[in-house]
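Reader: I'm a first-year student and I'd love a close look at one part of this protein. Could you pick a spot where pieces pack together, walk me through it slowly, and then show me what surrounds it?

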Amino acid sequence: MDLYNYLYNLVKQIPPGRVSTYTHLALALGDKRAKRAVKETLDAFHDSTPIPWHRVIEDNGKIEGKKKKHLLQQENIPIHKTAIQKYKEIVFHDFTTTYPLKTLRKKQLLLQRFLILKDAFTTLDIIGGVDVSYQGRDAHAAYVAMDYHTHALVATKTIQMKTDFPYIPTYLTYRELPIIKHLMKNITPPSLLLLDGHGISHPHHFGLASHLGVVLDIPSIGIAKNLLCGTVSLQNAKHDFAPLIHQGKKVGWALWPHGTQKPIFVSPGHKVSLPTSLGIAKKMCQYRIPEPLRKAHLLTQKKK
DNA sequence: GCGACAG
DNA sequence: ATCTTGTCGC
């Protein structure tokens, strides 16, 4: 799903003499969570695509930027200072759309039925780690495989690819799935895969690590540097970890490797139990970030 | 109640 | 994630 292109086609629907807002476009994409992504996408890429980006403004009718103001005035839109006059009368929100994000959410929930949250792996030899970095729409992904017991480096691979989906909270999978799928082609499957993001500690219990685990059919664990949902149960904390609770259910752990100030958040992806996910994450931590992920991150940075 | 929200 | 320099501390 090329969401950038889908967004561009929505923007093209705004007629001259009318304006729309980041939020209305996000709703037309299917989720108001996409508001930030809409703004960032138009700000960053409007130069490289022929769309009337200047007709998209803030929800309050305020205009940021001289260039946008000038272009709107050329279309006879009355502006006083930074505010559009009678802006509510010219706001366009009657988009023709199929709400692609709603469709993706449904697919996410269908796949979630295949999720297994028990230890369902036979061996534990090779631990893989995947990380992706970006410069504009250019994505670099790296895979690092290490021996679970000796921590010896076993394999690495990096690839480059164009991204067709912006970052939207809770839809991270759809940004990174294409490049990670490509990255994992023709690779000896590891016993288990570490991913940069959440597993079941996700509003719909199906974050990046869970989604990729199911799609690739590989046991997986999510390692996140920030919380997406839930709270850390500090009253149940042990020396270096505490359970992560979301809607009354345990969905992962906050882990402080080697007494670090800021924890990492560990959650089962697929075919791994809660206790096992914590144990493996802890065992792979030489620094704050588990070693296969840390090495993968360094590789993607070097590739740019 | 409202808003924010992994990377 | 990315934009970015020096700097405080083990």
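**Two helices that cross**

Author: Let's start with helix 1 and helix 3, whose axes come within 11 Å and cross at roughly 85°. Helix 1 covers residues 3–12 and helix 3 covers 35–45. Helices (H or I, at least four residues) and strands (E, at least two) are DSSP runs, numbered from the N terminus. Before going on, note that this is a predicted model, where local features need pLDDT of at least 70, side-chain atom pairs count only at pLDDT 80 or more, and totals for chains, interfaces and linings use all residues. Residues are numbered from 1 along each chain as its sequence is written, chains are lettered from A and ligands numbered from 1 in the order in which they are written, and side-chain values use heavy atoms, with hydrogens and water left out.

Back to that crossing. Two packed helices are described by the angle between their axes and the distance between the axes. Here axes are lines fitted to C-alpha atoms, for helices over the stretch in contact, and angles run from 0 to 180 degrees between N-to-C directions. Angles under 35 degrees count as roughly parallel, over 145 as roughly antiparallel, 65 to 115 as roughly perpendicular and the rest as oblique. That makes helix 1 and helix 3 roughly perpendicular to each other.

Which residues do the touching? On the helix 1 side you'll find Tyr4, Leu7, Tyr8 and Val11, and across from them in helix 3 sit Val38, Thr41, Leu42 and Phe45. Contact means heavy atoms within 4.5 Å. Sorted by type, this meeting place has 7 nonpolar residues, 1 polar and no charged. (Ala, Val, Leu, Ile, Met, Phe, Trp, Tyr, Cys and Pro count as nonpolar, Asp, Glu, Lys and Arg as charged, and the others, Gly among them, as polar.)

Now look at helix 2, residues 22–29, where 6 of the 8 residues are buried. Buried means under 20% relative accessible area, exposed over 50%, and partly exposed in between, using a 1.4 Å probe and protein chains only. The covered ones are Tyr22, Thr23, Leu25, Ala26, Ala28 and Leu29. What do they pack against? Helix 1 and helix 3 are both among the partners, along with strand 1 (20–21), strand 2 (56–57), helix 4 (66–74) and helix 6 (100–111). Right after helix 2, Gly30 has a positive phi of about 120°.

Most residues other than glycine have a negative phi, and most peptide bonds are trans. With that in mind, follow helix 4 to the loop that links it to strand 3 (79–80), and you'll meet Asn76. Asn76 isn't a glycine, yet its phi is positive, about 65°. With a relative accessible area of 68%, Asn76 is exposed.

Helix 6, another partner of helix 2, also helps cover the buried residues of helix 8, together with helix 7, strand 8 (192–196), strand 9 and strand 13. Helix 8 runs over 208–216 and has 7 of its 9 residues buried, including Leu208, His211 and Leu212. Just past helix 8, Asp217 takes a positive phi of about 50°.

Helix 7 and strand 9 lead us to the largest pocket: both give two or more residues to its lining, as do strand 5 (126–135) and helix 10 (291–302). A pocket, on a 1 Å grid over the protein atoms alone, is an open set of points where a 1.4 Å probe fits, with protein on both sides within 12 Å along at least five of seven lines, and lining residues have an atom within 4 Å of a point. The volume is about 550 Å³, meaning the space filled by probe spheres set on the points, which are joined across faces, edges and corners. Its lining has 29 residues, with Tyr167, Leu172, Asp196, Gly197 and His198 nearest the centre; by type there are 13 nonpolar, 11 polar and 5 charged.

Finally, zoom out. Chain A has 10 helices and 13 strands, and 53% of its 304 residues count as buried. Its C-alpha atoms fill a box of roughly 70 × 45 × 35 Å along the principal axes. Among contacts with a separation of 6 or more, 66% join residues 24 or more positions apart.
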